[in-house]
Every structure is written in C-alpha cells, then in structure tokens.
Amino acid sequence: MKKLVVLISGNGSNLQSILDACASGRINGSVAAVFSNKASAYGLTRAREAQVPAHALAASDFADREAFDRQMMQEIDAYAPDLVVLAGYMRILSPAFVARYQHRLLNIHPSLLPKYPGLNTHRQALENGDAEHGTSVHFVTDELDGGPIVLQAKVPVFAGDSEEEIVARVQHQEHAIYPLAIGWFLTGRLTMRDNRAWLDGEPLPPQGYAAE
C-alpha cells in the first residue's frame with residue numbers, strides 16, 4: 001500500500017479528510033506519519049487518535065530554515081513516503097526540501113491560483129469584492145504557491161459574507177478535492193513532468209482539471 005506523510009501547522013481539518021478517505025478506501029493508501037512545526041497543533045491529536053505517528057519540530061531548536069528542513073527530511077525519509085502532502089503547513093520550504101520530494105509534493109492553497117498566493121487569501125477576496133473564491137491543489141515548486149495546478153474548486157462570495165463564512169465554504173470544497181487529487185497520484189493517474197501536471201497521460205490546462 002502506498003504511503004503518505006502529511007505536514008501540518010494547525011487544526012488539521014484537511015488532514016482529517018485525508019485520514020477519513022484512507023479509512024473508507026477513497027484513497028488507496030495510508031498516512032504513515034504526520035509532522036508539524038507546532039507542538040500545539042490540534043492536527044497532531046487527530047493523528048494520534050487515528051493511531052498515526054505524530055511528530056513536532058520547533059524552529060527555535062535549529063540554526064536556520066535549512067537546518068530545520070534537513071532534520072525534517074531525515075525524519076520523513078524514515079517512513080519512505082510515496083507522496084508528501086502539505087495540509088495547512090505554514091512554513092516556507094527550503095529549495096533543498098522541494099528538490100528532495102520533487103514531483104511527489106502536493107499542497108492545497110485557499111485561493112483560485114494564480115490569484116492570491118501567500119497569506120490572508122479570504123480577506124483579499126472580500127476586500128476586492130470578488131464574486132467567486134476557491135481553493136487549488138498544486139504540485140510544489142520553488143515558486144511560492146506557483147507550482148502546476150492539479151484541481152480547483154470555486155465557491156460563490158455573497159454580499160455581506162464574513163471571512164469565517166467564506167473559510168467554511170472553501171474548506172468544505174478542500175475536504176472534497178484534496179483526497180481526490182491524492183488518490184489520483186497514488187494510483188499513478190496524476191504525475192508532474194515538464195513543469196506541468198498530467199492526468200491519465202494528458203497534460204492538464206493551466207487551471208488544472210476542469211469538471212465543468
């Protein structure tokens with residue numbers, strides 16, 4: 001069975017959706033371990049409750065980002081994962097980390113990339129009066145939130161929406177599309193080559209798979 005390692009920083013709701021999809025067979029694989037850069041992350045509790053090894057590394061214990069990532073890579077590699085999944089992991093990765101897991105490193109970002117890379121995406125969508133917002137699954141490259149897009153889901157933005165309402169709407173979609181994309185990868189349907197995402201041997205368009 002194929003193995004995942006999941007990196008988190010917080011609540012771990014996307015981690016939970018991945019654990020649930022593995023348990024139900026929607027993902028033909030298992031979560032081998034969960035890592036966090038915050039010992040207080042609730043996602044670590046979710047992992048332990050699922051009998052998955054949970055690890056926390058503190059940046060303050062390391063001289064720099066490169067040293068932190070070297071230790072993280074060493075610990076991840078002990079699990080020999082087929083895929084490394086970022087699920088609300090809030091540290092910028094070093095080039096060495098990205099290179100180590102190149103072509104098998106996925107992230108989910110709460111915007112319709114290339115719009116709003118980085119932080120505070122929901123607030124930006126509200127402040128700019130966007131009629132729609134959403135989330136993107138993408139392969140990770142050295143460009144922040146700039147790797148090839150696999151899949152996106154759109155949500156409407158209504159007049160009077162709060163940031164919390166948009167977050168909930170987006171997360172509902174995230175919990176559906178992230179396990180789907182992970183499942184594609186683990187069955188060999190999804191790959192990255194020539195800096196593009198490919199599904200079933202065909203290159204995906206810039207905005208990823210479209211099920212319109």
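## Helix α3: length and cap

In this predicted model, helix α3 covers residues 65-77. Its 13 residues, counted at 1.5 Å a residue, should span 18 Å, and the end C-alpha atoms are indeed 18 Å apart, so the expected span and the model agree.

At the N-terminal end of α3, D64 acts as the cap. Look for a side-chain oxygen of D64 that lies 3.3 Å from the backbone nitrogen of E66.

## Helix α3: the buried face

Which residues of α3 are buried? They are A67, F68, D69, M72, M73 and I76. As you trace them, it helps to remember that an α-helix has 3.6 residues a turn, so residues three or four places apart point the same way.

The packing partners of these buried residues include two helix and strand neighbours from later in the chain, β4 (83-86) and α4 (95-100). The buried residues of α3 also pack against strands β1 (2-8) and β2 (29-36).

## Strands β8, β9 and β10

Now for the hairpins. Strand β8 (residues 190-193) runs antiparallel to strand β9 (residues 196-199), and 4 bridges join them. Within this pairing, T191 stands opposite W198 of β9. The hairpin of β8 and β9 has 2 residues between its strands, and D194 in the turn shows a positive phi of about 55°.

Strand β9 is also joined to β10 (residues 202-203), antiparallel again, by 2 bridges. Here W198 has P203 as its bridge partner in β10. This hairpin, too, has 2 residues between the strands, with D200 taking a positive phi near 55°.

Conventions
Residues numbered from 1 in each chain as written. Predicted model: local features only at pLDDT ≥ 70, side-chain atom pairs only at ≥ 80, totals over all residues. Heavy atoms only, no water. Expected span 1.5 Å × (residues − 1). Buried < 20%, exposed > 50% of the residue type's maximum accessible area, 1.4 Å probe, protein only. Contact = heavy atoms within 4.5 Å. Polar contact = N/O pair within 3.5 Å; in protein donor to acceptor, adjacent residues only side chain to side chain. Pairing = 2+ DSSP bridges.
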